[in-house]
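Here are my notes on the model, set out as numbered points. Please keep the structure open while you read.

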Amino acid sequence: MSRSTQVVVIGGGQAGLAAGYHLRRLGLDFVVLDAQAAPGGAWQHVWDSLRLFSPAAYSSLPGRLMPPQPGEIHPDAQHVVDYLTDYEKRYELPVERPVRVAGVHRDGGRLRVETDSGTWRARAVISATGTWWRPFLPAVPGRAAFEGRQLHAAEYRSPAELADRRVIVVGGGNSGAQIAADLAYDTTLTWVTRRPPRFLADDIDGRALFDAATARRRALDEGRSDTGGVASLGDIVAVPPVREARDLGLLKAEPMFGRLVPDGVAWADGTRAEADTVIWCTGFRPALSHLAPLGLRGPRGRIAVTGTQSVDEPRLHLLGYGDWTGPASATLIGVGRPARDAARRIANLVGRTRRAGQAGGGAIVSSLPIAASTDGSTR
Ligand code: FAD
């Protein structure tokens, strides 16, 4: 089956929904295709104890504040899933799921989106597929030799499954610190980090991170020197469980080991630690394989963008993958602005049409071109 629309949004997590909100406001005809069976994107799959690093109000998408979670300053993942479920319903976002996009192709004046449920043709595509689906494992000698269990943070759920085991947690970011804190009480834990852990000050949360990312982007855009952004503040947000474990002295990190051995890990000086399980909290990469047919990857594997727009395929926007697709765009609070900019640029490209009643659809009543500034951005 083949269908046509002005815009296809690939991915129905927070980034895809924020895009949908702005496309709806601009009166564009669009569909959101999401591979998950239910709303909530990656938040449906994270570990049980995960807490947002910001209070609810600072974790909101455009148009609707996230309500506070009773009894919690830092909401849990289920609260985010509930919020996103309500969000797509409230704004009547046309999400089709489960629909997995296999590839995006050039097809004359359109982009053709091939899925496991048929084909869509569109004037523009927003890719908002996140990173959760592409866990990154570093090349460490001996990984194949280790006889215990290895899992990525994306597969970890709760300490119950590892009770009384000898566990090595690798990684000095938020995932590593949160999972190490989670396991510090019921397992024999070794936490290893490439450099000594850098905790942000206890009173810094997502608000400050968002401000730091925005200030950095602004400085770079205005040709001023790099402020260092979020990285200048530290690597680990001291959410309450992390703070607690740290203050109890349970989060002491060892330097990164040199190799894995059959029964554990070994450092260059000959020291060893025995382990049943190694958990790799070593990050994620953008899930972009569906864009391969467009041949956009540059020499270092990156797709070149200005803002969210692909330099080599202007009908394509990339949203929510990290600072390179908009400051703090991989966060709930940060994705709204790049989503708005992407929707406006697309409206410019396709010739914007506004529907009566905006949020709920209805008859098309007018066509409204948007003024573009000389630097190509829209205001
Ligand atoms: P996702 O939530 O991954 O949504 C992408 C959607 O696209 C998914 O539903 C997926 O199934 C779908 N998809 C993927 N490929 C295809 C395809 N080929 N076809 C169709 N659909 C596809 N941010 C904060 O603001 N606050 C926090 O406290 C915070 N904590 C985090 C903790 C962890 C451990 C991690 C990993 C991230 C955290 N983030 C946080 C960052 C970010 O908010 C989340 O990663 C968020 O899930 C990103 O949303 P997204 O919409 O970009 O991607």
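1. Start with the ligand and F53. One of the ligand's oxygen atoms sits 2.8 Å from a polar backbone atom of F53. A ligand nitrogen atom is likewise 2.8 Å from a polar backbone atom of V101. W133 uses its side chain instead: a polar atom there lies 3.0 Å from an oxygen atom of the ligand. For polar contacts, the cut-off is a pair of N or O atoms within 3.5 Å; within protein, one atom must be able to donate a hydrogen and the other to accept it, and residues adjacent in sequence count only if both atoms are side-chain atoms.

2. A word on the source. This is a predicted model, where local features need pLDDT of at least 70, side-chain atom pairs count only at pLDDT 80 or more, and totals for chains, interfaces and linings use all residues. Residues are numbered from 1 along each chain as its sequence is written, and side-chain values use heavy atoms, with hydrogens and water left out.

3. How much of the ligand does the protein cover? On its own, the ligand has 980 Å² of accessible area, and the protein covers 91% of that. Such areas come from the Shrake-Rupley method with a 1.4 Å probe; for residues, only the protein chains shown count as cover.

4. Now look at the shell. There are 31 residues around the ligand, and Q14, D34, F53, V101 and L332 come nearest. A residue is near a molecule if one of its heavy atoms lies within 4 Å of it. The shell has 18 nonpolar, eleven polar and two charged residues. In this scheme Ala, Val, Leu, Ile, Met, Phe, Trp, Tyr, Cys and Pro are nonpolar, Asp, Glu, Lys and Arg are charged, and the others, Gly among them, are polar.

5. V101 also turns up beside I10. I10 is in strand β1, which covers residues 2–10. Helices (H or I, at least four residues) and strands (E, at least two) are DSSP runs, numbered from the N terminus. I10 counts as buried because its relative accessible area is 4%. The cut-offs are under 20% for buried, over 50% for exposed, and partly exposed in between (1.4 Å probe, protein chains only). Leaving aside neighbours within four places in sequence, the contacts of I10 include V101, L33, V113 and H290. Contact means heavy atoms within 4.5 Å.

6. D34, from the ligand shell, is among the residues that E96 touches, not counting those up to four places away in sequence. Others are R3, V31, V32, L33 and W120. E96 is found in strand β3. Is E96 buried or partly exposed? E96 is partly exposed, because its relative accessibility is 34%. E96 and V32 are 64 residues apart along the chain, yet their C-alpha atoms are separated by 6.1 Å.

7. Next, helix α2. Residues 77–90 form this helix of 14 residues. From first C-alpha to last, α2 reaches 20 Å, close to the 20 Å expected at 1.5 Å a residue. The expected span is 1.5 Å times one less than the number of residues. At its start, a side-chain oxygen of D76 comes within 3.3 Å of the backbone nitrogen of Q78. The buried residues include A77, V81, L84 and Y87. They pack against α1 (14–25) and β3 (95–96). After α2 comes E92, with a positive phi near 50 degrees.

8. Helix α3 (residues 174–183) is mostly covered, with eight of its ten residues buried. I179 and L183 are among them. The cover includes β8 (166–170), β9 (188–193), α5 (240–247) and β14 (277–280).

9. Check the loops too. E313 is in the loop between β16 (309–310) and β17 (316–318). Why does E313 count as buried? E313 counts as buried because its relative accessible area is 3%. Its side chain makes a 2.9 Å polar contact with that of R315. Beyond neighbours within four places in sequence, E313 is in contact with R106, L111 and L296. L296 lies in another loop, between β14 and β15 (305–306). At 6% relative accessibility, L296 counts as buried.
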